[in-house]
Amino acid sequence: MSPREKIADLKKRARKIVTGLRKRYRGATTALNFSTPHELLVATVLAAQCTDKKVNEVTAKLFRKYRSPEDFAKARRSTLERMIKPTGFFRNKANSIISLSKAIVEKHGGKVPDKLERLVELPGVGRKTANVVLAAAFNKPGIVVDTHMIRVANRLGLTREKDPVKIEFDLMKILPRRVWGEFSFMVTLHGREICKARKPLCHLCDIESYCPSSELKGKRRG
Ligand code: SF4
């Protein structure tokens, strides 16, 4: 997004970036294990400030004990807290999980809503969590702006914003709806493995030629 890059050119570049990311990450989705939208909602709440690997270890047992939104809504707080403790911030997370499960039972007949506006009304559910659930559980368009997306989208010049919601809206303008979810999950993997926070591995990057921040560009000029 250089000052002179027109929106049409930006859209073209964004599509090439999607194609480039697919070389390594085609069909990427969340690394969180789940078998129902509600399980993904719970896993995503637990994933705040925690690794997906740790969350998957915890939910392997958790989802055997609590099998439905009703089970979570009726959960004994102390038991739930003990089970999710390894994911950190367990008191807040237990609160959110019980409250959102009650809301799903009481207001949505036990079914997780599949609309962003309804999802973000649930206690403890922000746009990031809602978009993960939309994209990965319902296969609906949703752009997930996590720490990797903030960094990578800025390096790629797809946005100049730091605020997650503004980034989401910038990306919505330049990417086709059908790729929103896949793009999000591919960027998360790309950010973890290649476009790392401290030292991006530009020499291994499949989208290097579309990236204004590539460290190789300066070297080529030099
Ligand atoms: S070229 Fe470098 S900075 Fe740009 S996306 Fe690839 S790894 Fe990140």
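## L46, a helix pair and a ligand shell

Let's start with one residue: L46 counts as buried because 27 C-beta neighbours lie inside 10 Å, and the cut-off for that class is 20 or more. Please keep in mind that this is a predicted model.

L46 has its place in helix α2. Leaving aside residues up to four places away in sequence, L46 touches V55, V58, T59, I84, T87 and K93. A longer-range pairing in sequence is worth a look too: L46 and I97 are 51 residues apart along the chain, while their C-alpha atoms are 8.8 Å apart in space.

From L46 we can move on to the helix that holds it, α2. Helix α2 spans residues 37–46 and packs with helix α8, residues 127–137. The angle between them is about 140°, and their axes are 10 Å apart. The crossing of α2 and α8 is right-handed. On the α2 side, P37, L40, L41, T44 and V45 take part, meeting T129, V132, V133, A136 and A137 in α8. Sorted by class, this contact of α2 with α8 has eight nonpolar residues, two polar ones and no charged ones.

Now for the ligand. There are 14 residues around it, and C195, P200, C202, C205 and C211 come nearest. The shell around the ligand divides into 10 nonpolar, two polar and two charged residues.

Here are the two sets of residues by class:

| Set | Nonpolar | Polar | Charged |
|---|---|---|---|
| α2 with α8 contact | eight residues | two residues | no residues |
| Shell around the ligand | 10 residues | two residues | two residues |

Notes:
Residues are numbered from 1 along each chain as its sequence is written. This is a predicted model: local features need pLDDT of at least 70, side-chain atom pairs count only at pLDDT 80 or more; totals for chains, interfaces and linings use all residues. A residue is near a molecule or strand if its C-beta atom, placed from the backbone, lies within 6 Å of it. Ala, Val, Leu, Ile, Met, Phe, Trp, Tyr, Cys and Pro count as nonpolar, Asp, Glu, Lys and Arg as charged, and the others, Gly among them, as polar. Axes are lines fitted to C-alpha atoms, for helices over the stretch in contact, and angles run from 0 to 180 degrees between N-to-C directions. Helices (H or I, at least four residues) and strands (E, at least two) are DSSP runs, numbered from the N terminus. A crossing is left-handed if the near helix is turned anticlockwise from the far one by less than a right angle, and right-handed if clockwise. Two residues are in contact if their C-beta atoms, placed from the backbone, lie within 7 Å. A residue is buried if 20 or more other C-beta atoms lie within 10 Å of its own, exposed if 12 or fewer, and partly exposed in between; C-beta atoms are placed from the backbone.
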